[in-house]
Amino acid sequence: MAQVWLIGRPVAHSLSPAMHNAAFAKLGLPHRYEAKETSDDQLAATVARLRGDDVLGANVTIPHKESVLRLLDEVDPEARRIGAVNTIVSRGARLIGYNTDKYGFEKALEVQPRRVPWHEGFPFADDDILIVGAGGAARACALALLEHGNDVDIANRDPARAEAVARSIDVDGRHPRVVPWPRGRVLVDAVVNATPLGLSGEEALEDVQLPMWVIDLVPTAEETPLVKRAKATENVTVVDGLSMLLHQAARSFELWTGVPAPLEAMRAALPRPV
Ligand code: NDP
């Protein structure tokens, strides 16, 4: 039996163990996925333990996705470009970092109803999109949105961190633009909540009149207040964090095991249909 860990803080609420353990069971694999509550001070020691023979790797979540990079032997070029790692694969004594959040975000959006019938796949191109938050998830979303030809605004509680994202995320010389925290009417096509606001019942965009699309990354058993409000608002398309969670998890599973993820078994382990 080998283990896979979820390294972050807080992780007690995480839906990832149920999804990955359902996937291992479905394929008859004797592995276990386990959440490990990890403070900043414990991060280096926990990551060092991934070098053991009995560990396949880990997911990394809030708040360690950026700080973990310096503890790895190798970082996949896309994760390096994003500047954040959410998946570690343990190969022998070597630790390799990947980012599956970008893939999960793109996949979650691709399965949404088309905005324009002739536009296959990803629903945004040449649109204006606001991301709130400037951590690892925001970096992955910003890169995906820029690559698909959109303009990206970033607002963050700490504007210096948003400035760092704007400097380092670069698609052919195009960068996100830093804007103040939104209030009232926002003139964008979509807003992405890439903060943990919603995890404990708060509304991430309390004072904001919602645009046509609301993408809330927060993956909770109960719908977040933002998702509830967006669903109750006419003409707003809502993408729930569980959808991205499912797809990023499937990609991580494939990196650890080398076999296709049983997507339907993973989906069935989620508390709500996505
Ligand atoms: P990080 O720790 O890297 O970044 C967190 C971001 O949220 C920072 O910009 C931080 O701002 C901001 N933030 C934290 N607390 C508050 C607050 N009280 N008010 C305003 N802003 C706040 O985390 P991640 O980027 O990894 O994750 C962000 C969210 O996205 C989490 O909820 C996570 O669960 C979710 N996520 C969901 C995924 C999915 O598959 N559905 C995948 C990845 C992430 P500051 O810089 O000022 O501290």
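Student: Which residues are closest to the ligand, and what makes a residue count as near a molecule?
Tutor: The ligand is surrounded by 25 residues, of which Ala134, Ala137, Asn156, Arg161 and Leu217 are the closest. A residue is called near a molecule or strand if one of its heavy atoms lies within 4 Å of it. Before we go on: this is a predicted model, in which local features need pLDDT of at least 70, side-chain atom pairs count only at pLDDT 80 or more, and totals for chains, interfaces and linings use all residues. Residues are numbered from 1 along each chain as its sequence is written, and side-chain values use heavy atoms, with hydrogens and water left out.

Student: How do you know that Ala134 makes a polar contact with the ligand?
Tutor: The term needs a pair of N or O atoms within 3.5 Å (within protein, one must also be able to donate a hydrogen and the other to accept it, and residues adjacent in sequence count only if both atoms are side-chain atoms). A backbone N or O atom of Ala134 is 2.7 Å from a ligand oxygen, so the pair qualifies. A polar backbone atom of Ala137 lies 2.8 Å from an oxygen of the ligand. With Asn156, an N or O atom of the side chain is 2.7 Å from a ligand oxygen. On its own the ligand has 920 Å² of accessible area, and the protein covers 86% of that. Such areas come from the Shrake-Rupley method with a 1.4 Å probe; for residues, only the protein chains shown count as cover.

Student: Why is Asn59 called buried?
Tutor: Buried means under 20% relative accessible area, exposed means over 50%, and partly exposed is in between (1.4 Å probe, protein chains only). Asn59 has 4%, so it is buried. You will find Asn59 in strand β3; strands are DSSP runs of E with at least two residues, helices are runs of H or I with at least four, and they are numbered from the N terminus. The side chains of Asn59 and Tyr33 are joined by a polar contact of 2.7 Å. Apart from neighbours within four places in sequence, Asn59 is in contact (heavy atoms within 4.5 Å) with residues including Trp5, His20, Asn86, Gln248 and Trp256.

Student: And what makes Arg70 buried or exposed?
Tutor: Its relative accessibility is 62%, which is over 50%, so Arg70 is exposed. Arg70 sits in the loop between β3 (55-60) and β4 (74-75). A polar atom of the Arg70 side chain lies 3.3 Å from the backbone oxygen of Ser67.

Student: How do you know whether Leu210, in the loop between β12 (208-209) and β13, is buried or exposed?
Tutor: Set 13% against the 20% limit: Leu210 is under it, so it is buried. Leaving aside neighbours within four places in sequence, Leu210 contacts Leu226, Arg229, Ala230 and Thr233.

Student: What makes a group of residues a nonpolar core?
Tutor: The members must be buried Ala, Val, Leu, Ile, Met, Phe, Trp, Tyr or Cys residues, joined through side-chain atoms within 4.5 Å. The largest core here has 33 residues, and Phe105, Phe124, Ile131, Ile215 and Leu217 touch the most other members. Elements that give it two or more residues include α4 (101-110), β7 (128-132) and α5 (136-147). The largest share, nine residues, comes from α5.

Student: Why is this core said to lie between the domains?
Tutor: Domain 1 (2-99 + 243-268) and domain 2 (103-239) both give residues to the core, so it lies between them. A second, separate core has 23 residues, among them Ala23, Ile96, Leu246 and Ala250. The domain bounds come from an automatic or database domain assignment. The C-alpha centres of the two domains are 24 Å apart. Their contact takes 17 residues from domain 1 and 25 residues from domain 2.

Student: Why is α4 called largely enclosed?
Tutor: Seven of its ten residues are buried, so the rest of the structure largely encloses α4. Those buried residues are Asp101, Lys102, Gly104, Phe105, Glu106, Ala108 and Leu109. They pack against α3 (77-82), α5, β11, β13, β14 (237-239) and α8.
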